Amino acid sequence: MKQPQNSLSRFRQAVRDGEFLMTAEVMPPKGGNATHMITMANGLKNRVHAVNVTDGSRAVLRMSSLAASTILLQQGIEPIYQIACRDRNSIGLQADLLGANALGIQNVLALTGDPVKAGDHPKAKSVFDMESVRLLKAIAKLNQGFDINDKPLTDSTTDLFAGAAVDPESTSWSGLQRRFAKKLEAGAEFFQSQLVCDFDKLDKFMNEIAKGCDKPILVGIFLLKSAKNAEFINRCVPGVHIPQHIIDRLAKAKDPLREGVAIAAEQVQMARSLCQGVHLMAVKREDLIPEILDLAGIPPLSSEPLSMDSQTLGDRPGVIRISTPTP
């Protein structure tokens, strides 16, 4: 049942090598044209190890994260395919994971998913046949050659590199400890955090919960564009709290966007001394992420960008090679 050893993706290799990791986030298009997403993601080449593709973030309708991840891979951009449990049952989740593997996608972020009532289809039915821990366990089984019912996969195992979300600013410390331990046990190979503004809490999390786990923690850094933007996030994004002193700083700034870039760069610098990486979120201004990294003193990556035909993908049995369309 074992398949040949595959070459590792750039992100996966960087995790193995213990590098300081950089990822960024793009949202799939709200429509059938991916040109803007491709443009934003292309600006991140050689600045981040991989690009997260969100899956119905805040329960807002957008293009399938599997389709969008495949489009980025065609463009030589390594994706982290986010997959949430909210919208698909266990059959659909496993089917999409098998498809991701066949398309050459290695990195997966297993998520439970934001509640439907938070989004633009509040009358839609939630599924939640699984949640993130069970999804991580399902990915581990697929990698071993079995589905969740222990039925063998007759057409080879998968080779997926699964990560999980973590919230160092959780109001329930015992709950945070319990969920983190469960995700580790379920097979999480890396963790990306929710937006973090309280670096004292992050320090406490790293020293009391994550210490010794031997898995990289990438802290979430969000580009705040204005005080109004920060207030909107506090109202509308579940589990996020931006402190008043940051909102006041943005409100007093002559150029709030430039101030937001400076704040994000400062936070990247703080994160370097506490954890193994950063996950950058700059909704609709992904073009500013290289500037944030420059201000934080993070140089470009030296390795070549990913190519669909590159050995970086390895000779993955059954991987489908797709010709690259012109955007």
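**A buried methionine and its surroundings**

Met 37 is buried, for its relative accessible area is 3%, and buried means under 20%. The model in which this residue is seen is a predicted one. Met 37 belongs to helix α2, which spans residues 35-42. Leaving aside residues up to four places away in sequence, Met 37 touches Val 26, Met 27, Pro 28, Pro 29, Ala 68, Ile 71 and Leu 72. Val 53 stands 16 residues from Met 37 in sequence, and the C-alpha atoms of these two residues are 9.8 Å apart in space.

One of the residues that Met 37 touches, Pro 28, deserves attention in its own right. Pro 28 is situated in the loop that runs between β1 (21-26) and α2 (35-42). Is Pro 28 buried or exposed? Its relative accessible area is 0%, and because buried means under 20%, Pro 28 counts as buried. Apart from residues up to four places away in sequence, the contacts of Pro 28 are with Met 37, Val 53, Thr 54, Arg 62, Met 63, Ser 65 and Ala 68. Ala 68 is thus touched by Pro 28 and also by Met 37. Gly 56 lies 28 residues from Pro 28 along the chain, with a C-alpha separation of 8.7 Å.

Elsewhere in the chain, helix α9 (residues 244-252) packs with helix α10 (residues 256-272). Their axes are 8 Å apart and meet at an angle of about 140 degrees. How are α9 and α10 oriented to each other? An angle must be over 145 degrees to count as roughly antiparallel, and at about 140 degrees the two helices are therefore oblique to each other. The crossing of α9 and α10 is right-handed. On the side of α9, the contact is made by Ile 246, Arg 249 and Leu 250; α10 contributes Pro 256, Glu 259, Gly 260, Ala 262, Ile 263, Glu 266 and Gln 267. By character, the residues of this contact comprise 5 nonpolar, 2 polar and 3 charged.

These local views may be set within the whole. The protein chain has 327 residues, of which 52% count as buried, and its secondary structure comprises 11 helices and 8 strands. Among contacts with a separation of 6 or more, 79% are between residues 24 or more positions apart. The surface exposed by the protein chain comes to about 14,800 Å², and carbon and sulfur atoms supply 51% of that area.

Methods
Residues numbered from 1 in each chain as written. Predicted model: local features only at pLDDT ≥ 70, side-chain atom pairs only at ≥ 80, totals over all residues. Heavy atoms only, no water. Helix = DSSP H or I, 4+ residues; strand = E, 2+ residues; numbered from the N terminus. Buried < 20%, exposed > 50% of the residue type's maximum accessible area, 1.4 Å probe, protein only. Contact = heavy atoms within 4.5 Å. Areas by Shrake-Rupley, 256 points an atom, 1.4 Å probe, with all protein chains shown as cover. Axes fitted to C-alpha atoms, helices over the stretch in contact; angles between N-to-C directions. Parallel < 35°, antiparallel > 145°, perpendicular 65-115°, else oblique. Left-handed = near helix turned anticlockwise from the far one by under 90°. Nonpolar A, V, L, I, M, F, W, Y, C, P; charged D, E, K, R; others polar.
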